[in-house]
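Q: I'm new to this structure and would like a close look at one part of it. Could you take your time and walk me through it?
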Amino acid sequence: MDIPQAGFLVVLGIVVGTYGTLIGAGGGFLLVPVLLFMYPHEKPATVTTISLAVVFFNALSGSFAYGRMRRIDYKSGALFAIATVPGAVLGALAISLVSRDLFSAVFGALLVGISVISFMQVREKASPDRPASAFWNVRTIIDQFGQRHTYAFDLRIGLALSFVVGFLSSLLGIGGGIIHVPALVHLLHFPVHIATATSQFVLVVTSFTGSAVHVASGELTPGTGLVRVLLLAAGVLPGAQIGARLAAHMRGTWIIRLLALALTLVGLRLIALGLVG
């Protein structure tokens with residue numbers, strides 16, 4: 001690998017880490033298309049494996065940054081992460097049972113629709129207005145900046161959403177954060193900054209699990225593939241810190257709008273894959 005290409009991978013990692021962490025996603029939606037363009041002769045499975053490993057480093061670095069800001073809902077995030085695992089397993093099994101192209105096109109159109117809703121309707125705060133029950137959770141988080149975030153949600157809905165996120169991520173090969181964040185904001189009424197931070201925490205667990213499976217199956221070779229991961233990781237580690245710092249000084253409405261842009265990009269790509277495939 002020549003020096004210009006190595007340098008480009010590091011810079012690409014910085015961009016992916018910054019944008020991905022800012023919106024609470026792993027950045028795979030940006031990384032995979034670029035890698036497929038750069039390495040057209042590589043198997044898609046290899047590119048997906050590299051992307052997933054890089055997402056892990058991005059999520060890990062972003063979680064440390066958001067953790068210092070005290071914006072992660074660890075309790076909810078841990079439960080959501082556990083719920084994604086069986087969904088991811090079923091998604092992998094379902095690949096051979098459904099029409100991947102048709103599903104990609106339909107789901108891509110759905111993502112574009114979600115992006116429009118996210119852009120037009122941002123709910124910054126939600127007041128807990130239902131009585132406490134076994135499944136009704138009220139959370140209060142005071143972050144590093146002294147801002148109090150109080151919100152409430154039905155845990156059953158959160159676990160079901162996480163299961164679906166795991167399923168779709170595995171079936172379509174896209175990062176779960178890009179689906180999880182709008183679900184947390186619009187359906188569970190998480191404040192935007194808590195949603196993006198908690199999504200990064202969930203991604204640490206899910207991306208590590210997926211990466212471990214791919215490594216065990218031999219899809220990430222110790223040669224060129226590992227070198228590309230390390231170069232990209234050298235970029236996403238500081239990039240995630242930059243993204244978290246930018247998020248700390250950005251209004252939730254703008255974070256959601258940047259997320260809506262990412263949803264549109266992913267949705268259009270899935271539609272194209274479905275129609276061409």
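What span should the 25 residues of helix α3 (residues 44-68) have at 1.5 Å a residue, and how far apart are its end C-alpha atoms?

A: Happy to help! Please keep in mind that this is a predicted model. Counting 1.5 Å for each residue, helix α3, which runs over residues 44-68, should span 36 Å, and its end C-alpha atoms are 36 Å apart, so the two values agree. After α3 comes Arg-70, with a positive phi near 60°.

From α3 we can step across to a residue far along the chain. Phe-201 belongs to helix α8 (residues 192-216). Between Phe-201 and Leu-60 there are 7.4 Å in space, C-alpha to C-alpha, although the two are 141 residues apart in sequence. If we set aside its neighbours within four places in sequence, Phe-201 is in contact with Ser-63, Ile-72, Tyr-74, Gly-77 and Ala-78.

For some surroundings, let's go back to the beginning of the chain. Helix α1 (residues 3-23) packs with helix α2 (residues 28-38) at an angle of about 155°, and their axes are 9 Å apart. The two helices are therefore roughly antiparallel to each other. On the α1 side, the residues that meet α2 include Phe-8, Leu-12 and Tyr-19, while those in α2 include Phe-29, Val-34 and Met-38. Sorted by type, the residues of this contact are twelve nonpolar, one polar and no charged.

One more place to visit is the second largest pocket, which holds about 270 Å³ of space. It is lined by 15 residues, and the closest to its centre are Ile-114, Ile-179, Pro-182, Ala-183 and Leu-187. Two or more lining residues come from each of α5 (100-120), α6 (155-172) and α7 (177-186). Helix α5 gives the most, with six residues. By type, the lining of the second largest pocket has 13 nonpolar residues, two polar and no charged.

Definitions and conventions:
Residues are numbered from 1 along each chain as its sequence is written. This is a predicted model: local features need pLDDT of at least 70, side-chain atom pairs count only at pLDDT 80 or more; totals for chains, interfaces and linings use all residues. Side-chain values use heavy atoms; hydrogens and water are left out. Axes are lines fitted to C-alpha atoms, for helices over the stretch in contact, and angles run from 0 to 180 degrees between N-to-C directions. Helices (H or I, at least four residues) and strands (E, at least two) are DSSP runs, numbered from the N terminus. Angles under 35 degrees count as roughly parallel, over 145 as roughly antiparallel, 65 to 115 as roughly perpendicular and the rest as oblique. Contact means heavy atoms within 4.5 Å. Ala, Val, Leu, Ile, Met, Phe, Trp, Tyr, Cys and Pro count as nonpolar, Asp, Glu, Lys and Arg as charged, and the others, Gly among them, as polar. On a 1 Å grid over the protein atoms alone, a cavity is a set of points where a 1.4 Å probe fits but cannot get out, and a pocket is an open set with protein on both sides within 12 Å along at least five of seven lines; lining residues have an atom within 4 Å of a point. Grid points are joined across faces, edges and corners, and a volume is the space filled by probe spheres set on the points. The expected span of a helix is 1.5 Å times one less than its number of residues.
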